[in-house]
Amino acid sequence: MATAMMTAFVLVCLTVMNSMASETDLEKYRMPDLDGSTGTLTVTMKYTDPNIESDTENQKVMPGVVVKLAKIANLAVNGGSADYTLLEAYEGAAAVEDISLAGMTVEQSNTLAQVLEPIVSADEKAAGVQEQTTNEEGKAVFSNLEPGMYLVYQDKEANTAHRVDSIATFLISVPYPVVSDGDSVETTENAWNYNVEVTPKTELDGPKNNGVIHITKELFNADDQLPFYPPENEELIFYVGLFNDEACTDQVEGTTDQPLRFYNSRTATATFENLTTDKTYYIAETDGKGNAEKTAIRGKGIIFYPTYPDGQQVSITRFEPETDYAFQNVTYGLPDEYYYGGTLSITKKTKQGTEDYDTNDVFYAGIFNDANFTSLNQVVKLDMNGGNTVTVPFETYIGLKKDDTVTYYVTETDENGTPLNEAEQQFRISVDKTDGKVVLTTSASDDTVVITNDFGAPDDDQAYNEENTTTKETTDSSDTTNTRTTTKTKKTGDQNPIALYLGILVAAVVIAGIILIRKKKDNKHSA
């Protein structure tokens with residue numbers, strides 16, 4: 001369990017003040033009377049990052065953690081000496097441990113704090129427990145504290161987000177006695193500090209074998225300074241290993257080389273799991289047998305040079321046990337059958353007015369080679385799976401030269417790639433690209449098209465409850481003038497066929513009349 005950095009000094013002072021034999025010493029350590037003020041306690045939560053050598057930079061603050069405080073003793077000053085009296089609820093605990101606050105050692109203070117914590121936490125309401133959450137600077141501030149001795153503690157799960165499992169539990173005096181270090185009684189001016197600040201000592205005691213490193217490698221042409229793809233529909237495999245030393249000769253125990261598989265992609269990723277945290281590792285491309293390689297020959301004798309732009313070193317801590325690492329396999333020039341490619345992602349969103357609209361529907365988008373949506377390249381399935389947003393990537397060929405480009409046109413379609421007519425749907429369709437046009441280049445090889453389906457807002461009468469909207473489009477050219485008139489039926493949220501209802505109503509009236517006539521005839525016969 002952690003103790004406060006200042007606790008030892010506090011308790012030593014208390015011990016001295018309550019056990020001095022000579023009058024000179026009593027005068028030297030005499031404390032002034034309390035002035036009737038309340039105090040403030042600021043607890044700063046930090047931990048020491050073991051991967052940083054600097055004693056200043058390795059101190060990491062812990063925001064967002066709950067610190068608890070309970071008063072366990074009153075403080076008074078009698079004859080210049082501090083007098084701490086345990087509250088009645090805790091007298092028995094101290095008696096069992098044979099501990100007295102007067103003359104209490106540091107070890108006894110720690111023991112008493114551990115004894116008191118379960119008593120206090122068992123009934124926090126009765127103990128008058130206060131709690132504060134640390135701010136961005138890791139500080140929890142308790143104000144308006146009456147003079148006394150206080151127990152500072154945390155719940156066991158309080159620090160788990162920071163991988164710190166040791167719980168801060170200690171005793172602290174508020175106000176805090178400040179004894180001058182003057183050489184004579186005349187220059188000694190002891191005082192009470194009513195604004196106490198303390199930083200508990202914490203340890204990283206979290207899991208030590210939950211580390212994860214994701215390693216991604218990219219194929220890269222150093223001449224053009226561009227990533228590239230392997231031959232289409234051919235798998236290209238490299239290997240990567242994890243080592244303990246910078247020379248990459250001592251492979252980490254329990255690990256083996258992981259394959260990096262490229263298939264219609266310019267990157268491949270391998271993952272190492274269950275690694276020891278608070279440790280530095282070294283990464284190198286290997287031959288698949290644990291031997292680091294400076295070059296790799298693959299497919300048709302092509303030479304790849306592994307390069308590590310950010311070095312080969314990577315560290316993981318218990319506070320941040322998972323990390324990503326990237327390096328490259330470089331060629332000089334674009335190998336035969338390799339190409340520059342990109343990713344066109346299709347994002348589907350479903351809304352109802354301004355609100356997200358969750359659905360299990362399956363939609364489709366067509367990727368076309370022409371603006372008229374007649375030359376279909378690919379149909380992309382968009383399964384919402386109960387959500388309101390889904391994204392599907394489409395890897396595509398761009399070209400063999402640095403200046404090559406490719407253009408696509410995207411629109412919503414049915415599963416066969418036939419563009420949808422919005423007027424026939426139960427929703428409105430919008431695409432965030434003009435005419436659905438997307439241009440990919442080797443230097444801007446990734447782009448996203450967002451297709452939004454709006455199922456309408458029931459309270460938006462103007463936008464959704466107009467039964468008919470007529471638009472007239474006129475296109476002028478030097479040869480002809482084309483005029484197109486389109487009538488769209490707006491969905492209102494009420495799709496009931498009115499004519500059918502009127503027919504049913506008329507039929508009901510006729511049937512009612514027939515029944516009435518029959519009843520009159522029956523009454524006549526019975527009479």
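These are my notebook entries on selected residues, a surface patch and salt bridges in a predicted model.

**Entry 1. Q328**

I began with Q328 and located it in strand β22, which covers residues 322–331. Is Q328 buried or exposed? I found its relative accessibility to be 17%, so Q328 counts as buried, the cut-off being under 20%. I then looked for a polar partner of the side chain. The side chain of Q328 makes a polar contact of 3.1 Å with the side chain of E218. Next I listed the contacts of Q328, setting aside neighbours within four places in sequence. On that basis, Q328 touches K217, E218 and F220, and also Y305, P306, T307 and P309. E218 thus appears in my notes both as a contact of Q328 and as its polar partner.

**Entry 2. Y305 and the nonpolar patch**

From the contact list of Q328 I followed Y305. Y305 lies in strand β20, residues 302–307. I recorded a relative accessible area of 32% for Y305, which means that it is partly exposed. I also noted that Y305 belongs to a nonpolar surface patch, together with I297, I303 and Y332. The accessible area of these residues together is about 420 Å².

**Entry 3. Salt bridges**

I turned to charged pairs. Side chains of opposite charge can pair when their charged atoms come close. How many salt bridges does the model hold? The count comes to 10.

I looked up the pair E235 and R261, whose side chains form a salt bridge with an N to O distance of 3.6 Å. This pair links distant parts of the chain, since E235 is in strand β15 (residues 235–243) and R261 in strand β16 (residues 258–263), 26 residues apart. I entered E235 as partly exposed, at 47% relative accessible area. R261 is likewise recorded as partly exposed, at 46%.

Between K351 and D356 I found another salt bridge, with the closest N and O atoms 3.1 Å apart. K351 has a relative accessible area of 22% and is therefore partly exposed.

For K401 and D404, which also form a salt bridge, the closest N and O atoms are 3.4 Å apart. Which of these residues is buried and which is exposed? K401, at 54% relative accessibility, counts as exposed, whereas D404, at 17%, is buried. Finally, I noted that K68, E124 and D155 are joined into one network by salt bridges that share partners.

Methods
Residues are numbered from 1 along each chain as its sequence is written. This is a predicted model: local features need pLDDT of at least 70, side-chain atom pairs count only at pLDDT 80 or more; totals for chains, interfaces and linings use all residues. Side-chain values use heavy atoms; hydrogens and water are left out. Helices (H or I, at least four residues) and strands (E, at least two) are DSSP runs, numbered from the N terminus. Buried means under 20% relative accessible area, exposed over 50%, partly exposed in between (1.4 Å probe, protein chains only). A polar contact is a pair of N or O atoms within 3.5 Å; within protein, one must be able to donate a hydrogen and the other to accept it, and residues adjacent in sequence count only if both atoms are side-chain atoms. Contact means heavy atoms within 4.5 Å. Patches are made of residues with over 30% relative accessible area and no salt bridge: like charges are joined within 9 Å, nonpolar side chains (Val, Leu, Ile, Met, Phe, Trp, Tyr) within 5 Å. Accessible areas come from the Shrake-Rupley method with a 1.4 Å probe; for residues, only the protein chains shown count as cover. A salt bridge is a side-chain nitrogen of Lys or Arg within 4 Å of a carboxyl oxygen of Asp or Glu.
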